[in-house]
Structure formats: C-alpha cells, structure tokens
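Subject: Handing over a structure

Hi,

Here is the structure I said I would pass on to you. Have a look first, and then read my notes below.

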Amino acid sequence: MFMLFIASDGGSMHTAANFNARQDASMPDSIPTNHAPLALEWSSEKLLRIDEVEFYLTVDLDDLHAHESRTNHFLLGKTRPMVDAVLALRDTESIGRILDVGIFKGGSAALYMKVFAPEKLVAVEYMPQPVETLARFIADNDLASRLVPYYGTDQSNAQAMGRILATEFPDRNVDLIVDDASHFYLESRATVNLTLPYLSPRGLYILEDWGWAHWPGDTWQKSRAIPSTKPALSNLVFELCMLCASRPDIVSDIAVTTNTVVLRRGDAALTPGTFDIGQHYLCRDRWFKPIM
Ligand SMILES: C[S@@+](CC[C@H](N)C(=O)[O-])C[C@H]1O[C@@H](n2cnc3c(N)ncnc32)[C@H](O)[C@@H]1O
C-alpha cells in the first residue's frame, strides 16, 4: 500500500506465490507450522474477518485517509491478492518472529498477529502518536509481551532501529521482515542494511511497493505522489538482485512481482550496525550509483 504523506527526511504485497518454500536437504520435510485452522471469512474482496477481527482492505488513496480503524475493525492497506499471499505463507513457512515496518492504522500488525500467531511481533512507525485501536487490540488480547509497537521511529535511524532490534531480537532470529513504510530508496536501503543481520537463515524479507516509479498514471509518472528528486526504489531492487548474484549466502533467492519483492536470506553471518549491501555485490570493479 502506498501513502501520499510519507514521512522521512523530507517529507502490497504480492508475495510470489511460488517463492521457494523452506525446502532443502537440511530442512524437515514438513514445516512445523503448528497453526490452528483460521476462522477466516471473506464477505467481499474488501472485507475479511478472522475470528472476531475485521479487516477493511483498500489501496485507494482517499479511502486510506478517510477510513479509520476502530475496535476489532482495522483498515488494511492491501488488496485481496496481497492478503492471500500472506495467508499462503502459513503453509510454507514457520514464522515465529516478525518485524513490521510501517504501522499506519494498525492493520498489518493485527493481520500478521492473527495469521501467524507469532511469539513476537515488533512494529515500527515514524508517526509519534500511538494507534489507539492497535493499543486496544493488544490489551484486549493480552498481547503486551508479544506485539510491541514503536512509534516516532524513522526506519532509517540507525541508532533507534539498532536499539529496538538488539532489545527485541537479541538472538537475531527474525523469520519475516516486511517493509511497507516510506518506500523511499535511501530509507528503505537503510532498513535493509540495519535489519538483514537480524533475519534468520532462510527468513523472508518483503519490500512492498518497490515499483512506484514505473507504475502507469499521472500520480506516479508526473511526480504527484513522490517528488521527482527522490531516487526510485527500483534502484534498491537492482542492488538486491546484484547481491543475490554475488552473495547467495546473504540473499539466496529473490522474487519480484508488480509491486513486491520477496527475498530469502542465506546463512552468512552478518554484523549488525556495519552491514552495508553496497560492500557485498560485485560490479567488475565499478561502483553502482542510483540510475534514476
Ligand atoms: C503504507 S503505510 C503502512 C500500512 C500498513 N503496513 C498496512 O498494511 O496497513 C506506511 C506507514 O509508514 C510510515 N512511514 C513513512 N515513512 C516512514 C519512515 N521513514 N520510517 C518509519 N515509518 C514511516 C507512515 O507514517 C505510514 O504510517
């Protein structure tokens, strides 16, 4: 989902359904999902209920701003196929620890909690005001130790993010990271650098809405949503592809769809705080610079 009021220095997930599941010789034949069946009901393409919690799906920019979350009803900035892709991960992945970057009105954090029932879900948001509906969801479901939101935190702030990650995930074993925050190149790149050392071997990193510079329509092509001075997020995708080619032990797989990139972590140990993807892909002795 893309927002027009993106916070940062200035200012959907189509998980590839066939993305390589955790299946290799070193992995067990069946994924230990230990999930109870979900009481899930789609009453329309825009309305999903899981147990007692309703999710109102929209990616319409006006709707995103106008529609509010309320008790057990969350605005979710995703489409049905995006949510179906999340649901599909239940069958192929074992997801016990999640980092969700970009809280907005709380929909994604509540969705991931309902779908994966993780032991820990940390959510990060630039805006300082806590989302009341999410706070109520946490209190009503006794989730204070498992769903931890951090507000007023810039995804590119190395100190703040480093502190959160070291505190919440000291074993560096996050299974799923979703970046649905600024969608800016530099900020998103910083998040990759800061968080990849915390992603488990074979964990998934999902970068949403990477393709905004290439989407049709004046909103995107005439710089109405994002100033043309901002480098395209696709520069980061290119870097991640190069990383996968040069260092499959860091990124073992990468899958790109119209608006989402899903990469799977290799098993190389990475040092938190100093890791920089730019140091790890090879370009025949040249240096990559953002190309648009
Ligand atoms: C697209 S919305 C998140 C939607 C939510 N994940 C969902 O699926 O319902 C993006 C959120 O990221 C936040 N954001 C924007 N720039 C950010 C930054 N630099 N650091 C952290 N959060 C940021 C925005 O304030 C906004 O709430």
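How many bridges join strand E2 to E3, and do they run parallel or antiparallel? Four bridges join strand E2 (residues 47–50) to E3, and the two run antiparallel.

Before the rest, a word on what you are looking at. This is a predicted model, in which local features need pLDDT of at least 70 and side-chain atom pairs count only at pLDDT 80 or more, while totals for chains, interfaces and linings use all residues. Residues are numbered from 1 along each chain as its sequence is written. The H and E names come from DSSP runs, numbered from the N terminus: helices are H or I runs of at least four residues, and strands are E runs of at least two. Two strands count as paired if DSSP finds at least two bridges between them.

The four-stranded sheet

E2 and E3 belong to an open sheet of four strands, ordered E1-E2-E3-E4, with mixed pairing. Strand E1 (40–44) and E4 are at the edges with a single partner strand each, so one side of each has no neighbour in the sheet. From one strand to the next, the twist averages 25°. (For angles, axes are lines fitted to C-alpha atoms, for helices over the stretch in contact, and the values run from 0 to 180 degrees between N-to-C directions.)

Within the E2 and E3 pair, Leu-48 stands opposite Phe-55 in E3. Their hairpin has two residues between the strands, and Asp-51 takes a positive phi near 55° there. On to the next pair: E3 and strand E4 (residues 73–76) run parallel and are joined by four bridges. Here Glu-54 stands opposite His-73 in E4, and Tyr-56 stands opposite Leu-75 in E4.

After E3 (53–57) comes a loop leading to helix H1 (61–66), and Val-59 is found in it. Val-59 has 16 other C-beta atoms within 10 Å, so it is partly exposed. On that scale, 20 or more other C-beta atoms within 10 Å of a residue's own make it buried, 12 or fewer make it exposed, and anything in between is partly exposed, with C-beta atoms placed from the backbone. The C-alpha atoms of Val-59 and Lys-78 are separated by 5.9 Å, although their positions lie 19 residues apart along the chain when counted as a separation.

The seven-stranded sheet

There is also an open sheet of seven strands, in the order E7-E6-E5-E8-E9-E11-E10, again with mixed pairing. Its edge strands are strand E7 (147–150) and strand E10 (251–256), each pairing on one side only. On average, neighbouring strands of this sheet are turned by 15° against each other, direction ignored.

Which strand does E8 pair with in the parallel sense over five bridges? Strand E8 (residues 174–179) does so with strand E9 (residues 199–208). In that pair, Val-174 stands opposite Leu-199 in E9. Helix H5 (residues 158–168) packs on the sheet and touches E6 and E7, its direction making about 170° with that of E6. Contact here means that the C-beta atoms of two residues, placed from the backbone, lie within 7 Å.

Helix H3

H3 turns up with both sheets. It lies across strand E5 (97–101), strand E6 (120–124), E7 and E8, running at about 160° to E5. H3 also lies across E2, E3 and E4, at about 110° to E4.

What about H3 and its helix neighbour? The axes of helix H2 (residues 80–92) and helix H3 (residues 107–116) come within 10 Å and cross at roughly 30°. H2 and H3 are therefore roughly parallel, a label for angles under 35 degrees. On the contact itself, Val-86, Leu-87 and Arg-90 in H2 meet Leu-111, Val-115 and Phe-116 in H3. Those residues divide into five nonpolar, no polar and one charged. (Nonpolar covers Ala, Val, Leu, Ile, Met, Phe, Trp, Tyr, Cys and Pro; charged covers Asp, Glu, Lys and Arg; the others, Gly among them, are polar.)

Two backbone oddities

Phe-104 has a positive phi of about 55° although it is not a glycine. Phe-104 is in the loop between E5 and H3, and is buried, with 22 other C-beta atoms within 10 Å.

Asp-285, also not a glycine, has a positive phi of about 65°. Asp-285 is in the segment after strand E11 (260–265) and counts as exposed, with 5 C-beta neighbours inside 10 Å.

Cheers

Technical notes. Parallel < 35°, antiparallel > 145°, perpendicular 65-115°, else oblique.
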